[in-house]
Amino acid sequence: MPLTAAELLSILRERWGASYDLQLHRRAGRLYLQVMWAYLEQQSFPLSEEDYVLRLEQLVEQLNGIGQAEAVRNWLQTTRDKPRLGKALSFPLPDQGRLSEFLL
C-alpha cells in the first residue's frame, strides 16, 4: 500500500510528538532514510509548514517509486530510537533491485 504525506506526518507526530525533518541520504552505494533532529514545531526550523508538507510529498513519492513504503512504515512504527540533537536516525533502505536505478 502506498505511503502518503499525511500518513507519514501522522506516524511522526504519534511516535515522537513532533514533525521531524526526513531526508534521503546516499552513502557508500546505499540509500538511507534519515529522521533528522530538527522539526517543524521548532522556532528555528528553516521551512514553512507548506514547504515542509511539499518536502514530505516529494519524499513519499520517491519512497513509493522505489517500493519502500511498507519498509519505511514498519521501521518508523517500531524503532526504539528517537532523534536527538546532533544525531539523526538512519534506516538503510532494503535493496529490492530498484534502488540501483535510483542511485545512478
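In the predicted model, the accessible surface of the protein amounts to about 6300 Å², and carbon and sulfur atoms account for 49% of that area. Of the 104 residues in the protein, 38% are buried. The C-alpha trace extends over about 40 × 25 × 25 Å along its principal axes. The radius of gyration is 13 Å, which agrees with the value near 13 Å that a compact globule of 104 residues would have.

The protein contains four helices and three strands, arranged from the N terminus in the order α-β-β-α-α-β-α. When contacts between residues at least 6 apart in sequence are considered, 65% of them join residues at least 24 apart.

The largest nonpolar core comprises 29 residues. Within this core, the residues that touch the most other members are L8, L22, L33, V35, V72, L76 and L93. At least two core residues are supplied by each of the helices α1 (5-16), α2 (49-65) and α3 (69-78), and the strands β1 (20-27), β2 (30-39) and β3 (89-92) likewise each supply at least two. Helix α1 provides the largest share of the core, with six residues. The surroundings of L8 illustrate how the core is assembled from separate parts of the chain: with residues up to four places away in sequence left out of the count, L8 touches L3, L22, L56, L59, V60 and L76. Two of these partners, L22 and L76, are themselves listed with L8 among the core residues that touch the most other members.

Helix α3 has five buried positions, namely A69, V72, R73, W75 and L76. Of these, V72 and L76 also appear among the core residues with the most contacts to other members. The cover over the buried residues of α3 includes the helices α1 and α2 together with the strands β2 and β3.

The loop between α2 and α3 contains Q68. The relative accessible area of Q68 is 1%, and this residue is therefore classed as buried, the cut-off being under 20%. A polar atom of the Q68 side chain lies 2.9 Å from the backbone oxygen of P94. Thus a buried loop residue is placed in polar contact, through its side chain, with the backbone of P94.

Definitions and conventions: Residues are numbered from 1 along each chain as its sequence is written. This is a predicted model: local features need pLDDT of at least 70, side-chain atom pairs count only at pLDDT 80 or more; totals for chains, interfaces and linings use all residues. Side-chain values use heavy atoms; hydrogens and water are left out. A nonpolar core is a set of buried Ala, Val, Leu, Ile, Met, Phe, Trp, Tyr and Cys residues joined through side-chain atoms within 4.5 Å. Buried means under 20% relative accessible area, exposed over 50%, partly exposed in between (1.4 Å probe, protein chains only). Contact means heavy atoms within 4.5 Å. A polar contact is a pair of N or O atoms within 3.5 Å; within protein, one must be able to donate a hydrogen and the other to accept it, and residues adjacent in sequence count only if both atoms are side-chain atoms. The radius of gyration is taken over C-alpha atoms; the globule rule is 2.2 Å times the number of residues to the power 0.38. Accessible areas come from the Shrake-Rupley method with a 1.4 Å probe; for residues, only the protein chains shown count as cover.
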